[in-house]
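Q: I would like to go through this structure with you. Could we settle one term before turning to the details?

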Amino acid sequence: MKAAVITFPGSNCDRDLAVAFEQAGAQVTRVWHKDTSLPDGIDIVGIPGGFSFGDYLRCGAIAARSPIAQAVTGFAERGGHVLGICNGFQVLLEMGLLPGALLRNAKLKYICKPVGLRVEASDTPFTAAYEQGATITLPIAHHDGNYTADPETIAQLNAEGRVAFRYADNPNGSMNDIAGIVSANRRVLGMMPHPERAFAPIHGSTDGRRMFDGLIGAFAPA
Ligand SMILES: NC(=O)CC[C@H](N)C(=O)O
């Protein structure tokens, strides 16, 4: 599997995401936000967590208008896979590749702690290595993780089985306990918790590793 990981000014999980992809067995190319194209032949784009452009205007808003964003949109529209984690999820919403918005956490505080999650949809390339309904633990670290959408969008996400992860104990006020969603073609995933920070035993949980192992499996030659 060939992955591209994008870095914006203020990204802080780009290296962790690249290392997680690499340790799972992927070949990784790092891409700067001012680049206007993605490397040839990539299978997946990773948009990492952090504080792109200082979270000015709205989290992810400026990154979503950076030169590389158009190439990522084109890649996704051609059926490419995109994984957006935390600030990456915020960027995907600002790019319009996923529906809804991430508002300030309900209690207006930055929250940094491990949380329990239910795997709600294991029929995506990102979650294929998890048991449907499994409870896993991943860390969150955000102040704008309160997923919000109009009632029709929430109903559609639920009806189409596009909620990938739900919080077991909602930390931020997210509607329907939503922690991560996929696109209609199931190839774009945005999630607030950080699987790349729960990859190796030293992280305290390895529950995130299965996302990367599952992706490697999805792209393995038949
Ligand atoms: N860890 C992150 O990616 C943080 C995302 C964003 N800056 C927020 O605090 O909500």
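A: Two strands are said to pair if DSSP finds at least two bridges between them. By that criterion, strand 6 (residues 111-119) and strand 9 (residues 163-167) pair in the antiparallel sense, with three bridges. Please note that the model is a predicted one.

Q: Which residue is the bridge partner of Arg-118 in strand 9?

A: The partner of Arg-118 is Arg-166.

Q: Let us step back. How many helices and strands does the chain have?

A: The chain has five helices and 11 strands. Its radius of gyration is 16 Å, close to the 17 Å given by the globule rule for 222 residues, so the chain is as compact as a globular protein of that length. Along the principal axes, the C-alpha atoms fill a box of roughly 40 × 40 × 35 Å.

Q: And what share of the residues counts as buried?

A: Of the 222 residues, 49% are buried. As for contacts between residues at least 6 apart in sequence, 74% of them join residues at least 24 apart.

Q: Back to the strands, then. In what order do they form the open sheet?

A: Nine strands form the open sheet, in the order 2-1-3-4-11-10-9-6-7, with mixed pairing. Strand 2 (27-32) and strand 7 (135-142) stand at the edges; each has a single partner strand, so one side of each is left without a neighbour in the sheet. On average, neighbouring strands of the sheet are turned by 20° against each other, direction ignored.

Q: What about strand 10: enclosed or not, and why?

A: Strand 10 is largely enclosed by the rest of the structure, because five of its five residues are buried. The cut-off for "buried" is 20 or more other C-beta atoms within 10 Å of a residue's own.

Q: How does strand 10 run relative to strand 9, and how many bridges join them?

A: Strand 9 and strand 10 run antiparallel and are joined by three bridges. Phe-165 stands opposite Gly-180 of strand 10. Strand 10 also pairs with strand 11 in the antiparallel sense, again over three bridges. There, Ile-181 stands opposite Gly-190 of strand 11.

Q: How many residues lie between strand 10 and strand 11 in the hairpin?

A: The hairpin has five residues between the two strands. Arg-186, in the turn, has a positive phi of about 65°. With 18 C-beta neighbours inside 10 Å, Arg-186 counts as partly exposed.

Q: Where else is there a positive phi in a residue that is not a glycine?

A: Leu-57 has one, of about 70°. Leu-57 lies in the loop between strand 3 and helix 2 (67-77). Is Leu-57 buried or exposed? Leu-57 is exposed, because 11 other C-beta atoms lie within 10 Å.

Q: A change of topic: which residues surround the ligand?

A: The residues around the ligand are Gly-49, Gly-50, Phe-51, Asp-55, Cys-59, Cys-86, Asn-87, Ala-141, His-142, His-143, Asp-144 and Gly-145. By class, this shell comprises four nonpolar, six polar and two charged residues.

Q: Take His-143 from that list. Where does His-143 lie?

A: His-143 is in the loop between strand 7 and strand 8 (146-148). With 17 C-beta neighbours inside 10 Å, His-143 counts as partly exposed. Leaving aside neighbours within four places in sequence, His-143 is in contact with Arg-104, Asn-105 and Tyr-110.

Q: Now helix 1. Which of its residues are buried?

A: Helix 1 (residues 14-24) has Asp-14, Asp-16, Leu-17, Ala-18, Ala-20, Phe-21 and Ala-24 as its buried residues. They pack against strand 1 (2-7), strand 2, strand 3 (44-47), strand 4 (81-85) and helix 5 (209-219).

Q: And what follows helix 1?

A: Helix 1 is followed by Gly-25, whose phi is positive, near 120°.

Q: One last residue, Glu-94. Buried or exposed?

A: Glu-94 counts as buried, with 22 C-beta neighbours inside 10 Å. Glu-94 belongs to helix 3 (residues 87-95). Apart from neighbours within four places in sequence, the contacts of Glu-94 are Gly-60, Ala-61 and Ala-64.

Q: How far apart are Glu-94 and Asp-14?

A: From C-alpha to C-alpha, Glu-94 and Asp-14 are 19 Å apart in space, and they are 80 residues apart in sequence.

Definitions and conventions:
Residues are numbered from 1 along each chain as its sequence is written. This is a predicted model: local features need pLDDT of at least 70, side-chain atom pairs count only at pLDDT 80 or more; totals for chains, interfaces and linings use all residues. Helices (H or I, at least four residues) and strands (E, at least two) are DSSP runs, numbered from the N terminus. The radius of gyration is taken over C-alpha atoms; the globule rule is 2.2 Å times the number of residues to the power 0.38. A residue is buried if 20 or more other C-beta atoms lie within 10 Å of its own, exposed if 12 or fewer, and partly exposed in between; C-beta atoms are placed from the backbone. Two residues are in contact if their C-beta atoms, placed from the backbone, lie within 7 Å. Axes are lines fitted to C-alpha atoms, for helices over the stretch in contact, and angles run from 0 to 180 degrees between N-to-C directions. A residue is near a molecule or strand if its C-beta atom, placed from the backbone, lies within 6 Å of it. Ala, Val, Leu, Ile, Met, Phe, Trp, Tyr, Cys and Pro count as nonpolar, Asp, Glu, Lys and Arg as charged, and the others, Gly among them, as polar.
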